[in-house]
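Reader: Please take a close look at one part of this model, the packing of its interior. Tell me first which stretches to leave out.

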Amino acid sequence: MAKTQSPQDNMYDVVLIGGGIMSVTLGALIAQLQPTWTIRLFERLDDVALESSNPWNNAGTGHAALCELNYTPEQPDGTIAISKAVTINEQFHMSRQFWDYLARQGVIPPVDTFLSPTPHMTFVRGADNVDYLRRRFNALRTHPNFSELEFSDDPQVIASWAPLLIADRDPNEPIAATRAIDGTDVNFGRLTNHLAAYLQDHGADISLQHEVRGLRQHTDGTWTITAKDKHWNAPQRTTKIRSRFVFVGAGGAALHLLQRAGIPEIKGYGGFPISGVFLRTSQPEIVAQHQAKVYGKASVGSPPMSVPHLDTRVVDGTTSLLFGPYAGFSTKFLKKGSFLDLFTSLRPSNILTMLTVAKDNFDLTRYLITEVLRSPISRFRALREFMPTANPADWEYITAGQRVQVMKTRPGERGGVLEFGTELVSAKDGTIAGLLGASPGASTAVSTMLDLLRSSFPDEYLTWQHQLATMMPSLSVDDADTELASLSDRIPHTPEVF
């Protein structure tokens, strides 16, 4: 890919669509690795980090698989699979290393401006769940990354960790908890703003209130990006620029934009939007009694996004408690999107996918209908199961961000499947890529963007790996050499879908 010192004829090296944590993470990596490359970022809203990266639109857990039970499924033979938990834990630590590196270099403020030490806990009720959590604990602690994990089924010990879980609880109820003292609460909104400011200081052009409406590829592989300026007094309503590479990190809008780009790799993909509601309290006397992120276990038949959790949240210096999520359904793909989003995403290539997912996931549909119809009192009972002393007068409902779960076809199969993770879709020629899906998302942004750099810039990546290892020591140069040798062989022949 060619390099330029400044945009010429409106030609950029990299265009980022969407002002969330993914886009600014990719921008920061490129700014470090290729300082002369020109970058432009488009964001449709008034500022960056106003959708999924906003701190009130996500739980800010800093997903490290320390407390999330859906990352450690029980196998048919009763053993606990920990491989996914280990992978996510390693990915989060890679993000931590990159943030620490940037802070040491002085290009972003210290990490304590967006990251707060907050223990991560898992809390379960009932004899069967206690047995499962004990087996999960025994499986995880054999791995060095989880060697400090603690387990207890003693109410007094659990009360010392998180008093609100135990106060007024039936002493005869079987309970258990694990605790990871080195967990974190991450304000991804603040971090996104830090990284955006770094990009702007570096010379990147950041265009707020600019909505990308068109993506068209030329025969030389470059792209024309057409954006509408939404400022009321815009001197020019339509902006057209060209770029050698495009990243679509626009959250729920990514599916539409990749469809407009017309890349074959997006065929068969659909989106299933799910909204969320949390309960929040900032009452100092309540907040002072709980310093942890406590995840429970989803009800039988409920999807992973329904896992209840009582979280300490630190946003702009104020500590609150957040409980939820309560799922709902909206046809919007963005919190500030359109009710037509779901319908306008329909294509001949994804209708069968979406119909098959609807047929095969009736339990999810029933769950969403049940959640939508629940009364406020019924919803509050779920909090009382975690915190028996909870008083409705102390809590308020807030609307969280939209999640668009990935629906896709699998090679060689008819119909479609519903995925609950993130999916990186890259064009075969490496000139455009986009991110679909939701959790664990922000926490693994660095690892996900490294995957993108490997697939879209294989030749340059060979020269970047030593610098990347300096930024992130856990990224082994030897392993990277082996992986890239294989990658460079297959990039010209097959599209990369992560």
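**Low-confidence ends and a helix pair**

Author: In this predicted model, pLDDT (the predictor's confidence in each residue, from 0 to 100) stays under 50 over residues 477-498. The model has 37 contacts (heavy atoms within 4.5 Å) for that stretch beyond four places in sequence. Residues 1-5 also stay under 50, with 20 such contacts. Where pLDDT is low, predicted coordinates should not be read in detail. The chain averages 88, and 91% of the residues score at least 70.

Residues are numbered from 1 along each chain as its sequence is written, and side-chain values use heavy atoms, without hydrogens or water. Local features need pLDDT of at least 70, and side-chain atom pairs count only at 80 or more, while totals for chains, interfaces and linings use all residues.

Now the interior. The largest nonpolar core (buried Ala, Val, Leu, Ile, Met, Phe, Trp, Tyr and Cys joined through side-chain atoms within 4.5 Å; buried is under 20% relative accessible area, 1.4 Å probe, protein chains only) has 73 residues. Phe 247 is among those touching the most other members, as are Leu 450 and Leu 453. Beyond four places in sequence, Phe 247 touches residues including Met 22, Leu 26, Met 449 and Leu 452.

Next, the helices (DSSP runs of H or I, at least four residues). H1 (residues 21-33) packs on H12 (residues 445-456) at about 60°, axes 9 Å apart. The axes are lines fitted to C-alpha atoms over the stretch in contact, with angles from 0 to 180 degrees between N-to-C directions. H1 is therefore oblique to H12: neither under 35, over 145, nor 65 to 115 degrees. Among the meeting residues are Leu 29 and Ile 30 in H1, and Ala 445 and Val 446 in H12.

Technical notes:
Buried means under 20% relative accessible area, exposed over 50%, partly exposed in between (1.4 Å probe, protein chains only). Helices (H or I, at least four residues) and strands (E, at least two) are DSSP runs, numbered from the N terminus.
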